[in-house]
Each structure stands twice: as C-alpha cells, then as structure tokens.
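Let's take a friendly walk through this model, with a stop at each bound ligand and a short look at the backbone afterwards. Keep your viewer open as you read.

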Amino acid sequence: MDIKIIPGKLNGEVIIPPSKSLSHRAIIAGAMAKGKSNVTNLIMSDDIEATIEAMEALGVSISKGEHEVDIEGTGTLVRKESTINCRESGSTVRFLVPISLLADGEVKFIGEGRLAKRPLTTFFNIFNDFGVKYERGKDYLPLTIKGKLTGGRYKMKGNVSSQFITGLMYTLPKLKEDSVIEITTPLESIGYVDLTLDMLKKSGIEIENKDYKEFHIKGNQEFKPVNYRVEGDYSQGAFWMVAATLGAGLDCIGLEKDSLQGDKEILDIITKMGGIVKDTTKGLTSEFTKTKGAVIDLSQCPDLGPIVTVMASVSEGETRIVNAQRLRIKESDRITAMVTELNKVGADITETEDGMIIRGVKKLKGGAKVSSWNDHRIAMAMAVASTQCEEAIIIEGAESVKKSYPHFWDHFKQLGGKAEVL
Ligand SMILES: O=C(O)C1=C[C@@H](OP(=O)(O)O)[C@@H](O)[C@H](O)C1
Ligand SMILES: C=C(OP(=O)(O)O)C(=O)O
C-alpha cells in the first residue's frame with residue numbers, strides 16, 4: 001500500500017497504543033499459569049496475534065475480545081499444533097522457542113518477511129549444549145525442534161538480543177532443576193529484561209538478578225494467574241513525542257511516568273537535544289524547539305533509532321548515533337534504511353559501522369517516493385519526517401505498520417495528517 005502525504009502540521013490528542021513488549025509478556029505469563037487470567041488494553045496487531053496463536057498451539061485456551069484476552073491455563077503446555085507461525089515477530093519466536101520445549105513432541109517454527117534472517121544462533125548453541133534436536137533451513141527458519149531442556153548453566157552474549165534471555169526466563173522456572181543464565185558480554189536492551197523480571201515477579205516467579213551478569217532461577221516454580229492492564233507504549237509514543245518536538249501540537253495520552261520501558265529514554269534524548277518535555281492535563285507533550293545535534297547511544301533502546309534519526313536530520317549541527325549495530329538485525333537493516341530513505345528527501349546522513357553521522361538541515365525537501373523496507377518503524381518514522389518536508393512524499397509499504405500499530409494511519413489522519421492511499 002502506497003500512501004502520499006502532503007506536509008502539514010499535526011494537532012490534537014493521541015491515545016498511545018499499549019506496549020507491544022508488555023502485551024507479549026502479560027499474555028504469555030497468563031498462559032503459563034494454572035487458572036484464569038485477563039489482560040486488557042490490548043491491540044490485536046500482527047505480532048500480538050502471533051503470540052496468542054502460538055500459546056494456543058501449545059494447548060492454552062485464549063478467548064479474544066477487541067482489546068482484551070481471557071486466558072484459561074492449566075499450568076502445563078501440551079502441543080496441539082505441530083507448526084507455530086511467528087509471522088514477523090522476533091519477540092514471539094525468541095520467547096516461544098524455549099517455552100515450546102516444555103511441551104512434549106516436535107514443533108516447527110516458521111515466520112514471514114525478514115524473520116527467517118534474524119539470528120537464532122544463541123539457541124542453537126544451547127540446543128547443542130543440552131542435547132535438544134533441531135533442524136533449520138538455509139536461514140534460521142523454518143526451525144524444527146524436539147527434546148527437553150534441563151536445569152543448568154545457560155551462557156550467552158548480551159549484545160545480540162535480550163529476547164533470548166526473556167524466553168529462557170519464562171521457561172527455566174518450570175524445570176525441575178535450578179538454573180543460571182550467564183551473560184558473557186555487557187547486556188544491551190537491558191530495559192526489556194527489566195520488563196520480563198517485573199512481569200514474572202507479578203506472576204509469582206522469583207529470579208535473582210546478579211547485576212545483569214547472572215540470573216539465578218530456582219526450578220519447580222509455578223506461574224500465578226494475572227489480571228493485567230497494559231500501559232502505553234513508549235516505542236510508539238516516541239513517534240508522536242518527536243513530532244511534537246518538531247512542531248506538532250500533540251498531547252500524548254497513556255504513557256506512564258514510572259514505566260520500566262527502556263524506550264522511555266526518548267524523553268531524555270529529546271531533552272538532551274534541546275527539547276522541552278512537559279506534562280499536560282491529560283498526558284505528555286514536548287514543546288516545539290530548535291533541537292541541536294548530540295551523541296546518542298542506542299545500545300539500550302534500539303527501537304528508537306528510526307525516529308531519533310528523523311529528529312537529528314533537522315536538528316542544528318551534527319548528531320552521531322553510536323552503538324546501534326543491532327539495528328541491522330531488526331525487521332530491516334534500520335541503519336541503511338534510514339540513511340537511504342531520509343537522504344532521498346534531502347537529509348545529509350552518512351552510515352557508519354555501528355550507526356550514523358547526521359548533519360542537520362533546516363528543512364527536508366521531500367518530493368520523493370520512499371520505502372518502508374516493510375518495516376513498521378521505518379514507515380512511522382518517515383510519516384513524521386513528512387511533517388518536516390517542503391514537498392509531498394510517497395511511502396511505499398505503508399501497511400507495514402500493522403505489525404505493531406495497525407491504526408497508526410487513522411491516528412495520523414485524525415491529527416490532521418494529509419495522507420492519501422494511492
Ligand atoms: O523483548 C522485547 O519486547 C523486545 C526487545 C528488543 O529486542 P532486542 O532485545 O533484540 O534489542 C526490541 O527491539 C523489540 O522491539 C522488543
Ligand atoms: C524489532 C521489533 O520487534 P520484534 O523484535 O519483536 O520483531 C520492533 O518492534 O521494532
């Protein structure tokens with residue numbers, strides 16, 4: 001789907017959609033428990049539907065409302081389907097691969113888009129160490145696994161994906177033996193591990209965190225049912241907060257000030273670049289200011305990369321994005337994607353091995369067709385970039401937003417965005 005956007009100012013209130021990361025975690029926690037759980041304030045994005053369907057494939061009964069699920073867990077997972085389609089969700093595949101080994105039998109994981117290219121070697125090393133049989137295609141997916149994990153020491157690097165750690169944290173407490181997860185290099189995306197530890201604590205699962213270098217996990221633990229309302233998503237709110245910083249008159253509703261989400265970092269990044277984040281009577285906004293370049297480390301908040309690049313592209317002076325190499329293994333190579341697409345509309349950005357050097361311009365030119373690279377965050381970042389353009393842009397692959405924020409374009413138009421489906 002191509003969308004043409006005539007540049008214009010956005011105005012109004014936007015209710016920030018629920019955190020995708022917390023939605024995954026709450027649904028899985030409820031599915032692991034014996035009894036009834038309820039998760040509210042959900043949106044049925046592609047990624048969240050993938051996780052729901054995956055847990056149903058493991059024998060959990062989940063009834064879906066428009067914005068909530070009722071879960072009836074038995075405390076034991078039983079393989080009902082031999083294939084789990086994770087669609088494009090990196091969270092779903094990395095969380096569910098270890099969890100699925102709690103059920104007997106063989107499971108085949110498949111995916112869509114670029115998911116098959118996103119690394120799973122961390123798990124292959126664990127399968128080799130613990131004797132789990134696995135078969136992979138030329139890519140990481142399709143992946144067929146069969147066997148059982150046992151308690152023990154699970155070693156992995158901390159700079160590939162925190163999602164491997166989350167998947168193991170949901171699985172290891174259910175084993176008979178105790179386990180330790182050992183992180184052999186400094187942990188990145190730490191905020192996501194904090195979300196996992198907090199959700200598991202709410203489910204009665206205790207994990208001892210030894211300074212993010214080791215996690216000690218007792219076996220024979222049971223998940224308690226949860227009743228959970230998902231808070232607003234800072235990764236999504238970041239698009240609107242940057243738009244506000246760049247001149248939109250937006251009130252972002254639903255972002256929790258005491259959130260554990262790592263992407264709450266966007267507030268500090270906006271402030272560091274000269275923005276003024278403010279409370280409103282209903283939510284949060286960022287006053288229009290002329291932002292200035294800065295050095296921005298994305299090692300703990302990779303999903304902010306695309307939208308921070310947009311802000312930097314029209315900030316005064318130079319911005320260096322550093323420690324962002326993991327952006328290359330998301331739904332697209334987000335470094336190359338953002339450099340390519342923003343330069344097409346008049347930005348002045350140079351790619352580096354682990355990030356970018358951005359020389360701010362006063363205004364983007366626009367007047368070009370840009371690609372979303374089939375990546376929801378590229379599409380949404382370019383939508384915000386359009387507000388900084390002199391001429392119209394066309395975003396190819398705009399439907400990619402359905403991965404995490406299916407009603408993004410409705411919100412964009414409700415806020416005055418002149419977006420037309422071609
Ligand atoms: O655990 C999660 O919910 C997520 C972890 C992050 O991945 P990495 O840990 O690979 O950075 C992030 O990019 C992703 O959008 C969601
Ligand atoms: C990378 C993302 O999610 P996932 O890893 O779950 O595909 C994202 O939402 O930007």
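A good place to begin is ligand 2, which has 14 residues around it; those that come nearest are Lys20, Ser91, Arg118, Arg377 and Lys403. Bear in mind as you look that this is a predicted model.

What kinds of residues make up the shell around ligand 2, by class? Nine are charged and five are polar, while no nonpolar residue takes part. Some of the contacts can be followed atom by atom. Arg377, already named among the nearest residues, places a polar side-chain atom 2.7 Å from an oxygen atom of ligand 2. Arg334 also brings a polar side-chain atom to an oxygen atom of the ligand, here at 2.9 Å. Gln163 does likewise, with a polar side-chain atom 2.9 Å from a ligand 2 oxygen. Taken on its own, ligand 2 has 290 Å² of accessible area, and the protein covers 99% of it.

If you colour by secondary structure, look for α3 and α11 (376-386), the elements that give two or more residues to the shell around ligand 2. Now switch to colouring by domain. Why does ligand 2 lie between domain 1 (3-16 + 293-421) and domain 2 (20-218)? It does so because both domains give residues to its shell. As for the space that ligand 2 takes, it is the largest cavity.

Let's move on to ligand 1. This ligand is surrounded by 14 residues, and the closest of them are Ser21, Ser161, Ser162, Ser189 and Asp303. The space taken by ligand 1, too, is the largest cavity, as was said of ligand 2.

The shell around ligand 1 holds six polar, five charged and three nonpolar residues. Which elements each supply at least two of the shell residues? They are α1 (20-32) and α3 (90-100), and α1 gives the largest share, with three residues. You have met α3 before, in the shell around ligand 2. In terms of domains, domain 1 and domain 2 each contribute at least three residues to the shell around ligand 1.

The polar contacts of ligand 1 are worth displaying as well. A polar side-chain atom of Ser161 sits 2.7 Å from one of the ligand's oxygen atoms. Arg326 has a side-chain N or O atom 2.7 Å from an oxygen atom of ligand 1. Gln163 turns up again, with an N or O atom of its side chain 3.4 Å from an oxygen atom of ligand 1; recall that Gln163 has a polar side-chain atom 2.9 Å from an oxygen of ligand 2. Of the 390 Å² of accessible area that ligand 1 has on its own, the protein covers 96%.

Before you close the viewer, try two spots along the backbone. Most residues other than glycine have a negative phi, and most peptide bonds are trans. Arg87 has a positive phi, near 50°, and is placed in the loop between β6 (83-85) and α3. The second spot is the peptide bond from Leu141 to Pro142, which is cis, with omega near 0°. Pro142 is found in the loop between β8 (133-136) and β9 (143-146).

Notes:
Residues numbered from 1 in each chain as written. Chains lettered and ligands numbered in written order. Predicted model: local features only at pLDDT ≥ 70, side-chain atom pairs only at ≥ 80, totals over all residues. Heavy atoms only, no water. Near = heavy atom within 4 Å. Polar contact = N/O pair within 3.5 Å; in protein donor to acceptor, adjacent residues only side chain to side chain. Areas by Shrake-Rupley, 256 points an atom, 1.4 Å probe, with all protein chains shown as cover. 1 Å grid on protein atoms, 1.4 Å probe; cavity = no way out; pocket = protein on both sides within 12 Å on 5 of 7 lines; lining within 4 Å. Sits in = over half its atoms within 2 Å of the grid points. Helix = DSSP H or I, 4+ residues; strand = E, 2+ residues; numbered from the N terminus. Nonpolar A, V, L, I, M, F, W, Y, C, P; charged D, E, K, R; others polar. Domains from an automatic or database assignment.
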